[in-house]
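Good morning, and thank you for coming. Please look at the structure on the screen, and I shall then describe its fold, one of its helices and the surroundings of its ligand.

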Amino acid sequence: MAKRLVSDGVGIVLDVGCGIGRFGAAVRGRLCWLGLDMSPRQLADCTVKPVIRADAVRLPIGNGRVDAVTMLWMLYHLDEPRDAISEARRVLRRGGLLAACASSRTNDPELVPYGYPRTSFDAEEAADIVSDVFGASNVELERWDAPLVQLTDREEVAAYARSHLLPPTVVEAVTPPVTLTKRGCLVWAKRP
Ligand SMILES: C[S@@+](CC[C@H](N)C(=O)[O-])C[C@H]1O[C@@H](n2cnc3c(N)ncnc32)[C@H](O)[C@@H]1O
């Protein structure tokens, strides 16, 4: 994602729901990154600056002022993700890019063989939801489905389970080391 934004000559990228700034750290020095999150705790732990505290559905930014908006693993927090996606569209310049990603309900099948519950923004529906705001002809979809995460011991499995709000029983059900199949998608949308 960083490579595409850099090669597209993107200037200002607004990272909505930036958390502790993982994407900002990855693009430091290559993009003009601005983080935004609603959580004071996440912002306090954010390793990259500048950041602003605001709600994704009321961005304190003028129309057409940024070149790209990223919404990485955050839209599922919202009851109505289209509200935040509409805000992203509003602040993007013409031709600017939104990148939004989501996990699949069939993510981590080794730990969750029965599947994750549906959310307001998961990989199964992400492209359709973004298309509702940007128009289907302006939307591209990249999927991933690959063995990407290795958990070497029970502590790592337990930490992963906690961070994904999985019950402790999933930890007992596997024998480490375990390789997790990650499934999800990245949706790109261009502001017409
Ligand atoms: C799972 S974290 C993802 C953080 C980061 N994007 C990443 O990929 O590491 C979701 C983030 O979205 C933020 N968030 C949730 N609802 C929000 C809202 N309405 N406005 C702004 N940020 C929000 C949370 O505070 C949290 O930092």
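Let us begin with contacts in the protein chain between residues at least 6 apart in sequence: 65% of these join residues at least 24 apart. I should say at once that this is a predicted model.

Now to the overall dimensions. Along the principal axes, the C-alpha atoms of the protein chain fill a box of roughly 50 × 35 × 30 Å. A compact globule of 192 residues would have a radius of gyration near 16 Å, and the protein chain has 17 Å, so the two agree. Of the 192 residues in the protein chain, 35% are buried.

Next, the secondary structure. The protein chain contains seven helices and seven strands. Read from the N terminus, their order is α-β-α-β-α-β-β-α-β-α-β-α-α-β.

Let us take one helix as an example. Which residues of helix H4, residues 81-91, are buried? They are Pro81, Ala84, Ile85, Glu87, Ala88, Arg89 and Val91. In general, an α-helix has 3.6 residues a turn, so residues three or four places apart point the same way. As for their partners, the buried residues of H4 pack against three strands, namely E1 (12-16), E4 (66-72) and E5 (92-103), and against helix H5 (126-134).

Finally, the ligand. How many residues surround the ligand? There are 15, and the closest are Gly17, Gly19, Ser39, Ala56 and Met74. By character, the shell around the ligand comprises seven nonpolar, five polar and three charged residues.

Note on methods. Residues are numbered from 1 along each chain as its sequence is written. This is a predicted model: local features need pLDDT of at least 70, side-chain atom pairs count only at pLDDT 80 or more; totals for chains, interfaces and linings use all residues. A residue is near a molecule or strand if its C-beta atom, placed from the backbone, lies within 6 Å of it. Ala, Val, Leu, Ile, Met, Phe, Trp, Tyr, Cys and Pro count as nonpolar, Asp, Glu, Lys and Arg as charged, and the others, Gly among them, as polar. A residue is buried if 20 or more other C-beta atoms lie within 10 Å of its own, exposed if 12 or fewer, and partly exposed in between; C-beta atoms are placed from the backbone. Helices (H or I, at least four residues) and strands (E, at least two) are DSSP runs, numbered from the N terminus. Two residues are in contact if their C-beta atoms, placed from the backbone, lie within 7 Å. The radius of gyration is taken over C-alpha atoms; the globule rule is 2.2 Å times the number of residues to the power 0.38.
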